[in-house]
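Visitor: I would like a close look at a single part of this structure, with its surroundings. Please take one helix and go through it residue by residue where there is something to say.

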Amino acid sequence: MIEIKVTGIPEVLLELEQLTPAIRKGLQQGMGRALLRLTRYVKQSKLTGQALHVRTGRLRRSIHSEMQTTPIMIEGTGGTNVKYARAHEFGFDGQVGVKAHLRTIKQAFRRAIAPIQIQVSAHSRHMHLPERSFLRSALKELEQDIRNDLRGGIDDALR
């Protein structure tokens, strides 16, 4: 028969209890570094030509991240509030509504004419956007770096 005796449990628990705030702070710092790394990577690598090309910069400026903490959880989130980002991230195939607008015509029957404006009434059209992931793909590409940031935060706290 094998007998195992553990001594010093109260001391170990006390030491762990004292380490918990330091580990939590280290995790928060690691999460902050990971979120900063991810938003920077999305803006510089994904939204400046790799996945999507910049036209106005609105989508790139809208990329944000935030960290929420509770006594039992540290959560980092990132994303955008721009409506068309979802269609680029996941792709889109369907009907969209086009509002009534004015169109300037400079050519008729393939011949140049004096520019005139005509009214185009509201209508719908079929639209197909292929998937051009910039958030999910960045998260996957940086997965190991993010893990290292979190581990580094814990390691720093334990030193």
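Guide: What follows is a walk around helix α3 and the parts of the chain that meet it.

The model is predicted. The chain has five helices and six strands. Read from the N terminus, the order of these elements is α-α-β-β-α-β-β-β-β-α-α. Of the 159 residues in the chain, 21% are buried. Among contacts between residues at least 6 apart in sequence, 64% join residues at least 24 apart. The chain has an accessible surface of about 12,300 Å², and carbon and sulfur atoms account for 55% of that.

Helix α3 covers residues 83–90. Its buried residues are Ala85, Ala87, His88 and Glu89. The cover over these residues includes two helices, α2 (58–62) and α4, and two strands, β3 (92–98) and β6. After the helix comes glycine 91, which has a positive phi, near 85°.

Glutamate 89 has the longest entry here. Is this residue of α3 buried or exposed? Its relative accessible area is 4%, so glutamate 89 is buried, the cut-off being under 20%. Setting aside residues up to four places away in sequence, glutamate 89 touches Glu131, Arg132, Ser133, Phe134, Leu135 and Arg136. Two of these neighbours also meet the glutamate side chain through polar atoms. With serine 133 there is a side-chain to side-chain polar contact of 2.8 Å. With leucine 135 the partner is the backbone nitrogen, which lies 2.9 Å from a polar atom of the glutamate 89 side chain.

Serine 133 can be viewed from its own side. It sits in the loop that runs between β6 (123–129) and α4 (136–141). Its relative accessibility is 14%, and therefore serine 133 counts as buried. Beyond its neighbours within four places in sequence, serine 133 is in contact with Ala51, His88 and Glu89. The partners of serine 133 thus include His88 as well as Glu89, and both of these are among the buried residues of α3.

Alanine 87 is also in helix α3. At 19% relative accessibility, alanine 87 counts as buried, because the limit is under 20%. Apart from residues within four places in sequence, alanine 87 is in contact with Phe92 and Leu129. Histidine 128 is 41 residues from alanine 87 in sequence, and their C-alpha atoms are 9.5 Å apart.

Histidine 88 leads on to leucine 52. Not counting residues up to four places away in sequence, leucine 52 touches His88 together with Lys46, Leu47, Leu59, Arg132 and Phe134. Leucine 52 belongs to the largest nonpolar core, which has 13 residues. The residues with the most contacts inside this core are Leu38, Val42, Leu47, Leu52, Leu59, Ile63 and Phe134. Helix α1 (residues 9–50) gives the most to the core, with four residues. Phe134, one of the core residues just named, is also touched by glutamate 89.

For contrast, here are two positions elsewhere in the chain. Phenylalanine 109 and arginine 110 lie in the loop between β4 (101–108) and β5 (111–120). Phenylalanine 109 counts as exposed, at 82% relative accessibility. Arginine 110 is exposed too, with a relative accessible area of 79%. Neither is glycine, yet phi is positive in each: near 50° for phenylalanine 109 and near 65° for arginine 110.

To return to α3: glutamate 89 is buried at 4% relative accessible area, and its side chain makes a polar contact with that of serine 133 while also lying 2.9 Å, by a polar atom, from the backbone nitrogen of leucine 135.

Conventions: Residues numbered from 1 in each chain as written. Predicted model: local features only at pLDDT ≥ 70, side-chain atom pairs only at ≥ 80, totals over all residues. Heavy atoms only, no water. Buried < 20%, exposed > 50% of the residue type's maximum accessible area, 1.4 Å probe, protein only. Contact = heavy atoms within 4.5 Å. Areas by Shrake-Rupley, 256 points an atom, 1.4 Å probe, with all protein chains shown as cover. Core = buried A, V, L, I, M, F, W, Y, C linked by side-chain atoms within 4.5 Å. Polar contact = N/O pair within 3.5 Å; in protein donor to acceptor, adjacent residues only side chain to side chain.
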